[in-house]
Amino acid sequence: MRQAGKYSGFMMCGGISGRTGPHSLPLARIKKIMKKSGEDVKMISGEAPIVFSKACELFIEELTRRSWATTLQGKRRILHKDDVASAVMATDIFDFLVSMVSETASPSEDGTLPEEEETAGSS
Amino acid sequence: MVDNRGNSSNNISSDSREGFNYNFAGDRHHHDELVKEQDRLLPIANVGRIMKQILPPNAKISKEAKETMQECVSEFISFVTGEASDKCHKEKRKTVNGDDICWALSTLGFDDYSEPLKRYLHRFRELEGEKAQQSKANSGGEDQRNEVVAVSAATASTTSSSTPLMKFNMMNERGNSSISRRY
């Protein structure tokens with residue numbers, strides 16, 4: 001995307017997120033997803049996808065951190081889909097995701113996952 | 001999946017749901033459906049990388065978990081955009097801007113994101129302003145630059161780094177051509 005080069009200097013200031021390099025998420029794709037969210041969404045300012053690229057990063061970080069906490073509770077080192085589902089259930093602000101993760105969740109959510117690759121050593 | 005490959009017959013007004021006119025609709029049609037599906041998700045590589053960055057080095061992430069995260073992020077974008085868009089609609093504005101996104105995040109409980117993002121957005125706008133002024137100045141000559149930078153500094157009134165320039169500007173507004181101070 002043309003804009004990515006222009007703003008790479010901005011990101012490389014390091015003052016905001018401390019990260020170097022251009023935006024970590026593709027702005028054009030973000031814009032497409034925004035447009036699909038509703039009929040009303042017709043015009044989107046240039047800065048909105050940029051704000052979202054940062055917001056999505058923060059979102060992914062938070063959800064990942066919380067999911068990993070569940071992984072650790074199960075004494076595992078592989079973050080599974082169900083860990084993400086657990087994190088969603090446990091966090092109020094992620095309520096909007098509940099229906100989505102319960103559609104995709106496997107039946108056994110009580111920690112006894114059939115596809116678990118590492119056993120907790122409990123015998 | 002209709003196989004129209006090598007078919008030169010008139011399937012031009014195809015029954016394709018997408019309404020595309022392909023003579024070799026078969027695989028291409030399926031491919032287009034996949035492409036559309038991908039469009040509503042952020043790339044798994046990018047998502048996976050962000051996840052990996054905040055986990056310990058020995059952590060592993062299942063592919064399904066990354067896919068689930070992709071879906072969650074898209075849902076997040078839709079959710080927040082919907083809220084921001086409603087606000088714009090109520091205020092009879094057509095364009096969803098960065099402030100609307102910040103507001104929506106705050107309203108929906110993502111307060112922790114709201115403040116860093118506002119700073120991010122503010123900084124972005126500052127830099128945008130400077131860049132725009134620079135390109136104007138470059139076309140108009142060097143002398144204009146100082147004046148132009150002072151103007152952009154005055155508009156970004158909350159930044160403390162521009163205080164000296166603001167003073168300069170204020171003196172201009174008073175119409176003092178000589179650099180005199182009031183004691």
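**Reasoning about the contact between chains A and B**

Author: A:Met43 stands opposite B:Thr95, which belongs to β2(B). The model discussed here is predicted.

Reader: What makes β1 of chain A and β2(B) a pair of strands, and in which sense do they run?

Author: Two strands pair if at least two bridges are found between them. Strand β1 of chain A, residues 43-44, and β2(B) share two bridges, and therefore they meet that requirement. Their sense is parallel.

Reader: How many residues does each chain bring to the contact?

Author: Chain B brings 61 residues and chain A brings 55. The area buried between the two chains is about 5300 Å², and carbon and sulfur atoms give 73% of it.

Reader: Why is the meeting of A:Lys32 and B:Asp39 called a salt bridge?

Author: The term requires a side-chain nitrogen of Lys or Arg within 4 Å of a carboxyl oxygen of Asp or Glu. For A:Lys32 and B:Asp39 the N to O distance is 3.6 Å. A value of 3.6 Å is within 4 Å, so the name applies. Side chains of opposite charge can pair when their charged atoms come close. Between chain B and chain A the count is three salt bridges, and there are also nine residue pairs in polar contact.

Reader: Which element gives the largest share of the side of chain B that touches chain A?

Author: That element is α3(B), with 19 residues. By kind, the residues on this side of chain B are 31 nonpolar, 16 polar and 14 charged.

Reader: Why is A:Glu47 called buried or exposed?

Author: Buried means under 20% relative accessible area. A:Glu47 has 13%, and therefore it counts as buried. This residue lies in helix α3 of chain A. Setting aside neighbours within four places in sequence, A:Glu47 is in contact with residues of chain B, including B:Gly98, B:Leu121 and B:Phe124.

Reader: What makes A:Glu47 and B:Gly98 a polar contact?

Author: The cut-off for a pair of N or O atoms is 3.5 Å. The backbone nitrogen of B:Gly98 lies 3.0 Å from a polar atom of the A:Glu47 side chain, so the distance falls within the limit.

Reader: How do you know whether A:Ile30 is buried or exposed?

Author: Its relative accessibility is 0%, which is under 20%, so A:Ile30 counts as buried. A:Ile30 is part of helix α2 of chain A, residues 27-36. Among the residues that A:Ile30 touches, apart from those up to four places away in sequence, are A:Pro49 and A:Phe52 in chain A, and B:Leu42 and B:Ile77 in chain B. The C-alpha atoms of A:Ile30 and A:Pro49 are separated by 5.9 Å, although the two residues are 19 residues apart along the chain.

Reader: Which residues of α2(B) are buried, and what do they pack against?

Author: The buried residues are B:Asn46, B:Val47, B:Gly48, B:Ile50 and B:Met51. They pack against α3 of chain A, together with β1 and α3 of chain B.

Reader: What makes B:Glu67 and B:Lys63 a salt bridge, and where do they lie?

Author: Their side chains meet with an N to O distance of 3.2 Å, which is within 4 Å, so the term fits. Both residues lie in helix α3 of chain B, four residues apart, about one turn of the helix. B:Lys63, at 57%, is over 50% and therefore counts as exposed. B:Glu67, at 32%, is partly exposed because this value falls between 20% and 50%.

Reader: Which distant parts of the chain does the pair B:Asp99 and B:Arg125 link?

Author: B:Asp99 and B:Arg125 form a salt bridge whose closest N and O atoms are 3.2 Å apart. The pair links helix α4 of chain B, where B:Asp99 lies, with helix α5 of chain B, where B:Arg125 lies, and the two are 26 residues apart. B:Asp99, at 38%, counts as partly exposed, and B:Arg125, at 33%, is partly exposed too.

Reader: Why are B:Arg123 and B:Glu126 placed in separate classes, buried or partly exposed?

Author: The boundary is 20%. B:Glu126, at 19%, is under it and so counts as buried, whereas B:Arg123, at 29%, counts as partly exposed. Their side chains meet in a salt bridge of 3.6 Å, N to O. Because they are three residues apart in helix α5 of chain B, about one helical turn separates them.

Notes: Residues numbered from 1 in each chain as written. Chains lettered and ligands numbered in written order. Predicted model: local features only at pLDDT ≥ 70, side-chain atom pairs only at ≥ 80, totals over all residues. Heavy atoms only, no water. Contact = heavy atoms within 4.5 Å. Buried area = accessible area lost by both parts, 1.4 Å probe. Polar contact = N/O pair within 3.5 Å; in protein donor to acceptor, adjacent residues only side chain to side chain. Nonpolar A, V, L, I, M, F, W, Y, C, P; charged D, E, K, R; others polar. Buried < 20%, exposed > 50% of the residue type's maximum accessible area, 1.4 Å probe, protein only.
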